[in-house]
Amino acid sequence: MEFSELIRTRQAQAELLSGPEAPALRGTLCVTGHHLLLSPKPQATDLWLLLLRSVDSIEKRVAGDSGTITLRCKDLRVLQLRIEGVEATLDVARSIEALSSLESVITSYPFFYRPKGLRLGDAWHFHPLESYYKRVALETDAWRLSEVNEDFSLCPSYPRVVIVPRAVDDAALARSARFRQGGRFPVLSYHHARSGTALLRSSQPLIGPKKLRCAEDEELLGAVLAGARPGAQGFIVDTRSAQTAKQARMTGGGTESKAAYPGWKRLHRPLERGRHLQESFVRLVEACGDLEQSMDQWLSRLDSCRWLAHVQEALSTACLAAQGMEREGACVLVHGAEGMDSTLLVTSLAQLILDPLSRTMAGFQELVEREWIQAGHPFQLRCAHSAFSHARSKHEAPTFLLFLDCVWQLGRQFPLSLEFGEGLLLALFEHAYASPFGTFLCNSEKERCLCEVRTQTHSLWSGLNQSKEQRKLRNPLYVLNPSALWPSVEPQSLRLWQGLFLRQTRPPERSEEVWEKVWQIVTDEKTEDSRPVVSAPEPQP
Amino acid sequence: MEHIRTTKVEQVKLLDRFSTSNKSLTGTLYLTATHLLFIDSHQKETWILHHHIASVEKLALTTSGCPLVIQCKNFRIVHFIVPKERDCHDIYNSLLQLSKQAKYEDLYAFSYNPKQNDSERLRGWQLIDLAEEYKRMGVPNSNWQLSDANREYKICETYPRELYVPRIASKPIIVGSSKFRSKGRFPVLSYYHQNKEAAICRCSQPLSGFSARCLEDEHLLQAISKANPANRYMYVVDTRPKHRVQSWWATQKDIGRIILNAMANRAAGKGYENEDNYSNIRFQFVGIENIHVMRSSLQKLLEVNGTKGLSVNDFYSGLESSGWLRHIKAVMDAAIFLAKAIMVENASVLVHCSDGWDRTSQVCSLGSLLLDSYYRTIKGFMVLIEKDWISFGHKFSERCGHLDGDPKEVSPVFTQFLECVWHLTEQFPQAFEFNEAFLLQIHEHIHSCQFGNFLGNCQKEREELKLKEKTHSLWPFLLDDREKYSNPLYSSSSQRFAVLEPNTVSFNFKFWRSMYHQFDRTLHPRESVCNIITKMNEQNKQLEKDMKDLESKISKHKNEEIDGVLTKELLHSVRPESPTLKTSLCYKEQTVLPVNDTLRTIEGSNPVDNRYSEYAEEFSKSKPAVVSLEYGVARMTC
């Protein structure tokens with residue numbers, strides 16, 4: 001394998017410090033093609049393993065005849081390796097540097113990962129879009145499943161099948177696709193049965209400086225209103241400011257004009273995206289790593305990084321879209337420019353607010369698969385680097401993390417209504433940035449098909465649904481809540497997601513213990529301090 | 001009564017505090033001798049105790065009526081619109097009178113009648129026994145004894161009658177030391193750590209002036225350090241920031257004209273102990289600000305979070321500039337210093353500030369709470385408050401403004417203590433027997449004047465008021481509601497929580513929404529985990545009990561079986577019993593189901609409960625940054 005030439009040293013003696021309160025681990029360090037291994041000296045503890053792909057930045061320092069390597073991981077953990085020998089330190093560092101930044105998808109670890117108990121292709125027959133369509137078909141016949149994008153020619157970032165208004169034929173879809181950036185024509189994201197309205201997403205229309213129009217695109221949106229409850233109006237939520245949307249005309253984009261789309265009204269709700277969002281993330285993580293700062297410094301950094309402001313904006317935009325459907329009985333189309341980032345943030349959050357099924361364990365996995373992975377959020381580009389890397393390209397953005405944070409805020413305000421717990425959100429964050437599973441690989445379904453991700457890698461979902469993980473991921477207090485969740489978006493109600501952003505500075509044990517204790521209470525398990533062990537055999541009814 | 005001119009006003013509007021759209025509820029306002037009551041059209045009642053009112057404000061007349069804004073000490077803010085200005089004026093004047101009483105005897109506690117007879121009332125007052133508490137700590141012992149020096153309040157009026165001092169400190173030493181300490185508050189025992197044989201002691205600042213010394217005071221301090229066999233030196237902790245102590249002396253001695261440098265030099269060592277004069281002391285400043293700084297800090301905090309349509313950025317910059325969390329951290333750090341001195345160095349600690357009743361109480365009580373898990377139980381926490389706050393003369397009546405007095409004496413010192421405890425419960429969710437509701441309830445009652453515990457400024461004053469005969473104690477009422485205030489996650493036997501070692505990194509401190517927005521329901525989480533877990537715990541206990549009963553039944557039957565193994569009749573008589581066993585099991589299941597239903601009812605999930613719809617409506621309007629649907633429509637059509 002070509003990895004061997006990148007590995008400069010195979011073994012070294014090292015000591016690992018993985019946190020402020022964790023005990024040091026001593027043993028033999030070993031670099032392989034995908035992993036960093038440490039086999040501890042007294043064979044008491046298990047092998048320690050780190051996926052090299054999860055290393056975000058590496059810092060080396062040598063002093064005397066030993067060296068220290070600080071590994072900052074994409075999941076925001078910081079690890080320190082003390083290695084014997086200056087040469088060994090530099091070699092290990094160079095190997096990690098080279099191996100952690102490999103670009104190629106098909107030589108990445110998911111293509112080699114073969115865990116016990118899982119068979120290849122196990123979960124890949126899980127087709128959330130088709131199964132979602134079955135649900136929609138029971139509620140209304142206004143929509144159909146279209147295979148117009150079967151060969152990805154219409155829209156490279158859409159999946160093979162999409163849900164579109166029944167009244168619009170494939171030829172019209174093709175023309176509408178030509179009128180939208182990247183071919184992302186309006187498709188159904190969620191059908192809200194209670195009010196008979198629909199949530200759609202797309203990219204911006206290519207109106208351009210000449211104010212072009214597209215009859216089929218207009219017809220498509222008209223058909224959406226016609227298929228909804230009688231008299232429904234439509235709202236277009238543009239995730240850019242009115243100013244930005246107008247300026248986009250100069251580069252060929254723009255936003256729907258009032259005259260061309262009767263019945264549709266436009267609202268502008270600017271959401272931060274791209275580089276600015278990434279910077280916000282980087283500054284927050286920086287602030288969270290500083291143990292020495294005073295209270296005033298901390299609060300002012302928390303304020304100036306603006307992360308919580310982004311959380312508030314995202315949540316309130318999603319609430320606006322959800323409210324438009326639930327309370328105004330209107331159809332809602334969401335788009336920004338490309339329709340692959342903040343658009344998905346808004347549509348997926350709106351579904352979580354409205355749809356009780358998407359708050360179950362299975363429903364949430366389907367939602368992530370359908371609204372993020374298959375909807376073409378470019379994970380490979382967006383999650384190439386996390387908050388520590390110095391080599392930053394302009395494509396990184398923690399949009400998916402922002403989504404997870406918003407879900408966490410929902411879960412904090414409605415602690416009984418989500419079937420999954422913080423554990424699942426943390427796991428999704430970690431796997432989106434670096435994973436042994438293939439689920440988050442590539443940028444679109446098209447790329448995943450080319451790389452044969454479905455047949456050559458394991459799905460994260462089957463990994464997560466193995467029983468040993470369940471207790472960490474599930475919420476013991478869950479009960480189905482049939483109504484919509486309207487969160488408070490006042491700043492006093494939003495909190496920093498400590499379990500994620502402060503994971504390096506505070507040990508997670510305490511919250512894990514509480515989680516465990518709640519599980520024990522719910523399942524009525526006996527613990528040593530809660531009640532004495534019953535000696536007599538239990539009665540059998 | 002003579003203050004009430006209007007008892008009932010109809011068609012009054014209650015505005016929502018955080019709604020920018022002036023959404024309101026219409027109802028009737030009633031004024032009683034003790035409460036202001038608003039009943040809205042849904043028959044929902046809002047009760048406001050007159051003593052809770054911090055300020056009443058009448059705003060300029062509007063077209064819909066005359067606005068009346070009432071701010072309460074428990075952080076409730078209500079905004080009424082009274083249709084007629086005359087009515088508004090009457091209510092305004094009445095409330096001004098009723099919320100500020102001149103005499104203790106006019107406070108609610110003297111008229112409050114919870115239907116207890118005299119013996120119940122007396123038993124209520126005897127619930128917390130401080131002599132018992134000192135015994136629990138292990139005093140008196142060979143090094144510490146009860147002193148009768150203050151039995152008649154002769155030495156110090158603001159101390160309790162019973163004080164514990166080192167056995168070797170004679171009465172003349174105590175008297176001499178008390179003359180050298182501000183308000184006569186000489187060093188006495190606050191907490192004794194039995195295993196370490198180390199003590200937390202408290203006092204007020206020494207009146208050392210420019211160079212004065214007091215041999216008795218020096219002796220008393222030496223006696224305290226000698227009372228600790230494990231460690232010869234002791235810490236003297238001055239909880240004030242160093243610069244404040246110096247400027248305090250500058251103003252006290254009117255040495256304003258002395259040049260700055262000289263002032264600093266001369267002032268150094270005045271107002272706090274000079275290490276040269278006292279043997280074996282280590283002096284330490286810990287930097288907690290005074291009551292005036294704390295009052296204005298809270299004021300700023302409340303201004304910020306009361307803003308309508310507050311942005312995230314304004315919230316955090318306001319939180320920063322108020323300095324509130326910085327002050328909370330300072331108190332916590334000081335308490336940790338105490339706990340460490342005792343646990344790590346085995347050293348005794350003497351704590352003081354200026355008068356030794358504000359910051360000293362905060363630090364001593366929190367320090368004890370970190371060291372001793374007893375104070376983290378419901379009963380123990382009451383004992384802690386009785387000991388370090390009530391008996392040692394924290395001026396509750398002045399700090400909470402119970403009577404119409406000097407507004408400069410009001411300060412949220414006790415609120416800060418509660419907030420520190422809350423932060424600890426957040427960091428150690430399993431270490432406390434009580435929950436947040438308990439802290440909030442105590443906070444409610446330090447201002448309510450409904451019970452006698454917090455009235456007056458010191459024990460002597462309380463005795464003169466005959467509170468134990470004329471009023472009731474709060475504690476038995478809280479204990480009756482034990483279930484409500486219990487923390488379901490509490491693990492009492494866990495040894496890991498013997499001594500708490502909180503982490504005071506800045507990001508462990510957060511805004512306490514449930515305190516400062518306790519009446520703003522829209523800002524709260526929509527579902528309560530605590531209630532659910534408590535109910536589940538109860539249910540589990542019930543099941544456990546059922547199981548025990550069944551087991552004992554079974555073993556009884558088994559015995560019968562063995563006894564009567566020879567007589568077939570008896571065997572037969574066992575058989576008919578088994579259906580009862582079965583039915584009781586069924587019964588068990590039946591009882592579970594209804595409980596299950598109630599506990600699984602989600603707050604606000606009921607579609608009939610229209611808080612969601614109210615909220616959603618508001619949502620589109622409350623944020624100016626949020627383009628509301630209606631607004632969007634208007635813009636689209638124009």
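**Local environment of B:Asp520, cysteine status and an annotated helical span**

Excluding residues up to four places away in sequence, B:Asp520 touches B:Arg17 and B:Phe18. The model analysed here is predicted. Within chain B, B:Asp520 occupies the loop between α20 (513-516) and α21 (529-563). This aspartate has a relative accessibility of 8% and therefore counts as buried. A polar contact of 2.8 Å links the side chain of B:Asp520 to the side chain of B:His517.

The cysteines were examined next. A disulfide is a covalent bond between the sulfur atoms of two cysteines. With a cut-off of 2.5 Å between cysteine sulfur atoms, the count over all chains is 0 disulfides. A:Cys214 is accordingly in no disulfide, and the nearest cysteine sulfur, belonging to A:Cys155, is 15 Å away. A:Cys214 has a relative accessible area of 7% and is therefore buried. In chain B, the closest cysteine sulfur to that of B:Cys400 is in B:Cys449; the two sulfurs are 8.0 Å apart, which is too far for a bond. B:Cys400 likewise counts as buried, because its relative accessibility is 5%.

A further region of chain B carries a record-based annotation. According to the unreviewed UniProt entry, residues 526-560 of chain B are covered by the annotation "coiled-coil region". In the predicted model, this span is 91% helix and 0% strand. The C-alpha atoms at the two ends of residues 526-560 lie 54 Å apart.

Definitions and conventions: Residues numbered from 1 in each chain as written. Chains lettered and ligands numbered in written order. Predicted model: local features only at pLDDT ≥ 70, side-chain atom pairs only at ≥ 80, totals over all residues. Heavy atoms only, no water. Helix = DSSP H or I, 4+ residues; strand = E, 2+ residues; numbered from the N terminus. Buried < 20%, exposed > 50% of the residue type's maximum accessible area, 1.4 Å probe, protein only. Polar contact = N/O pair within 3.5 Å; in protein donor to acceptor, adjacent residues only side chain to side chain. Contact = heavy atoms within 4.5 Å. UniProt positions renumbered as here; feature names shortened; annotations may be inferred.
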